[in-house]
Amino acid sequence: SKDEQNLLADGKIERTPTYCEMCFWKCAGWVYKKDGKPWKIIGNPDDPNSRGRFCPRGTGGIGAYTDPDRLKKPLLRVEKNGKQVFKEVSWDEALDFIAGRMKDIAQKHGPECIALFSHGSGGSYFKTLLHAFGSNNVAAPSYAQCRGPREEAYMLTFGEAVGSPERTDIINAKCLVLLGSHIGENMHNGQVQEFSEAVAHGATVITVDPRFSTAASKSKYWLPIKPGTDLALLLAWIHVIIYEELYDKEYVKKYTFGFEQLKEALKDKTPEWAYPITTIKPHVIRQTAREMAKNAPATIVHPGRHVTWYGDDTQRVRAGAILNALLGSWGRRGGFYFPSKAHLPKMPIPKFPNVKRDWRKAFPNKYPVAHLALSSGICDATIPSPERECSFKGWIVYGTNLPMTLPQPEKTLEAIQHLELLVAIDILPAEITGWADVVLPECTYLERYDNLRLSPGRVPSIALRAPAFEPKYESKPAYWMARELAKRLGLEDYFPAKTIEEYLDYQLKAIGSSLEEMKKIGVKLLPEEAQKLYLEDGEDFEFPTPTGKIELYSTILDEYGFDPIPQYTAHEEPPEGYYRLLYGRAPMHTFGRTTNNPNLHDLMEENTVWINSKVAKQWGIKNGEYITLENQDGVRSTPVKAKVTERIRHDAVFMVHGFGHSDKRLRRAYGKGADDQRLITRVKIDPLMGGTGMRVNFVTFRKEEA
Amino acid sequence: MPRYAMAIDTKRCVGCADCVVACQTENDVPIGYCRDWIVQETTGSFPELYLEIRSERCNHCEDAPCVRTCPTGASHIAEGGIVLVEHDDCIGCKACIESCPYDARFVHPEGYIDKCTFCIHRVKEGKDPACVSVCPTHAMIFGDLEDPNSEISRALRTRKYKVLIPEAGTTPHVYYLL
């Protein structure tokens, strides 16, 4: 508005472009200061990821900056009177210590015995550092603990991953099928915006979930499926689509491979077969399949995001991919579009050294389909074992709170005991920083530059993150830390720009912009790199799979000796008196990393455990009462408030993930709610790609002793 | 004279609470307090359920009991029907809090009574209130009921809607599209 322009002109208000780091959707926006003080963060209307509107976490990003509990100085673990304590040290001392230990490990065991766990923008500089050092063991829990099975399932079927932001054309969809997907509770901004728009325009939403989720409440059909049986439902849907001849015949003929084998393999997988398994009535299965077909190809069977549930996840997600192929929705309007990729030139650096061993060597002949390192795998391979010639000796952990992120936290802690170096780089104290040898305080995204955000999508775009504030305390940006370490390790040539500003300006000039211009506009679309979003009618198209077709029958899985067409296997059921532990998201939090944020903590300060009303009555549990949960292995949660509700089945309970922090230095979040991860002492590993299925734990209720 | 009102589309709203945070940052509402909030109301029993998600705030009532009960005139109806509290005139007696059927008011730590202002400072500049302007699902509409062509007038003509606690007889001006 005019007034705002005037205030900006007199310097009463200042604004700095950023892209958000409160989750990983990376919405671009503006950080405002009023009279020199932090004021608010607002979406940038030119940004395709946010369309000018942030979610509560983005709006509450100011709280990440103001949080008084932030890490303030580098910390080094030292022995004092026989006790281990943290000592505040200078940056030089902390960095010298890390570089020294890294050299020792490289000399004794090889540089590849150091691994990086990373989640977040600054992790890329440590990735460069590690590659330069001679290790390519770089893992993110977002793979084996989250969306890995989805990416592999789509690679196997279509030859391409789904990617993030998802290539789902929800805004143009007429039918959207969600399986356990928490859109609306999981605030991936652009996707939620499109979902709401689709709902408002009357799209048919079919939600399969044991819980009446926000998305279920907006659906025409809610299928309260028995947990663990989604694959049976998907196979029955495929059966109906094939045997009622509802599939896109031309598309299937032209683009797919293995239709006849699929048809034969699923001939018995009728809705009547699926009914006793899933508890979904056959006429509902038929009716919903017909809805999908009626709206095809503008039907999306959503691939999900967090899909590491039962250990057969790649196969389950693949069944959804096959359904999409039969409906002809891949590469079609209202289905899945072909995202445009954007490119930025990189400053030339020397070639990375060849590595002798990578994480795969730790697991001979296992997980052949995996494309990325497994966090859980690196954790396992840190515990010495005769099956490995060498185990990991050093971890650099950037922005991932491993004890609350990886399942089986006891194993993570055991692995940590075998390390010679554990570096944690974070903004806030967290469980992981408590176990580190060295803690490096990073400044928040509001106090630093980072790499340009390069987003694929309908039109590719770049966004700039510039510092709105000076780094508080002695915190530093990751680029500076990684480069300082590189200098100490003789690897400075891999960080040719002295400052990140220099690097960004180099990249921006190469595409006809500049740092100066980007500071004014924040976001730039790259329409010259946009490609067409959909297939043209009857267009010849070669899919990047071995057969060049969409593989209903997977030749890769066949070669590795896995089921080329997904098969249903029954999963273990909860014993008497136990309930399956389900977990998920809340819109105002990103896992445990926001629960201490002053603004966001206020919106939801603790999690609750959802218990079906009838079950609660049997146990004499009242709404709002604090109880503890005990899992099948006797592990107990911290006290958590019961939410007695009709909105969940009788055989499962649900909690929002990320609560129950045990680190007292998180003064707001400490001791509030319960940590679901602590109860996940058991996992089922996906034999295809190593994902950790985590919905295989059962809990019972224990009343709190007064 | 305009008559400002807000409509919230319960179909679009996912209850993310972005409106709550945006209000806090825009209006410097101290941590621990809020001028707007989210309500989720479930009806029915498993598996026949209905969930209504609402962003709630002061209803800027036509016949506002808070204004009637205010002994100093601090609570008043300003331009466009917006109910405001003049902080300097407020003695913090809480009569308005008692009388508000919507529980929309609180005592600010500085001693005066505080509540939603429909972001009158923004409205005067021709902008939407902060909550409306940030809503990622475009679930909120703000505008002038006197203008038949405003988006809100059109929404109330074409959609089913309700107000909260109509039996209180206060003629609220926050509408919920169903």
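## A salt bridge between the chains

B:Glu26 pairs with A:Lys40 in a salt bridge, with 2.7 Å between the closest N and O atoms. The model is a predicted one. The rule finds 2 salt bridges across the interface of chain B and chain A. It also finds 15 residue pairs in polar contact across this interface, both partners at pLDDT 80 or more.

## What chain B brings to the interface

Four elements of chain B each supply at least two residues of the side that touches chain A: helix H1 (18–26), strand S2 (37–45), strand S3 (48–56) and helix H5 (130–134). H1(B) gives the most, with 7 residues. By class, this side of chain B has 19 nonpolar, 12 polar and 8 charged residues.

## Contact and buried area

How many residues of each chain are in contact? There are 39 from chain B and 39 from chain A. The two chains bury about 3,200 Å² between them. Carbon and sulfur atoms account for 57% of that area. B:Arg12, B:Val14 and B:Phe46 supply 19% of the area that chain B buries against chain A. No other three residues supply more.

## Helix H13 of chain A

Helix H13 of chain A covers residues 282–295. Why does a span of 20 Å agree with its 14 residues? At 1.5 Å a residue, the helix should span 20 Å, and its end C-alpha atoms are 20 Å apart.

Several residues of H13(A) are buried, among them A:Ile285, A:Thr288, A:Ala289 and A:Met292. In an α-helix, residues three or four places apart point the same way, because there are 3.6 residues a turn. The buried residues of H13(A) also include A:Pro282, A:Glu291 and A:Asn295.

Terms used. Residues are numbered from 1 along each chain as its sequence is written. Chains are lettered from A and ligands numbered from 1 in the order in which they are written. This is a predicted model: local features need pLDDT of at least 70, side-chain atom pairs count only at pLDDT 80 or more; totals for chains, interfaces and linings use all residues. Side-chain values use heavy atoms; hydrogens and water are left out. Contact means heavy atoms within 4.5 Å. Buried area is the accessible area (1.4 Å probe) that two parts lose on being put together, summed over both. A salt bridge is a side-chain nitrogen of Lys or Arg within 4 Å of a carboxyl oxygen of Asp or Glu. A polar contact is a pair of N or O atoms within 3.5 Å; within protein, one must be able to donate a hydrogen and the other to accept it, and residues adjacent in sequence count only if both atoms are side-chain atoms. Ala, Val, Leu, Ile, Met, Phe, Trp, Tyr, Cys and Pro count as nonpolar, Asp, Glu, Lys and Arg as charged, and the others, Gly among them, as polar. The expected span of a helix is 1.5 Å times one less than its number of residues. Buried means under 20% relative accessible area, exposed over 50%, partly exposed in between (1.4 Å probe, protein chains only).
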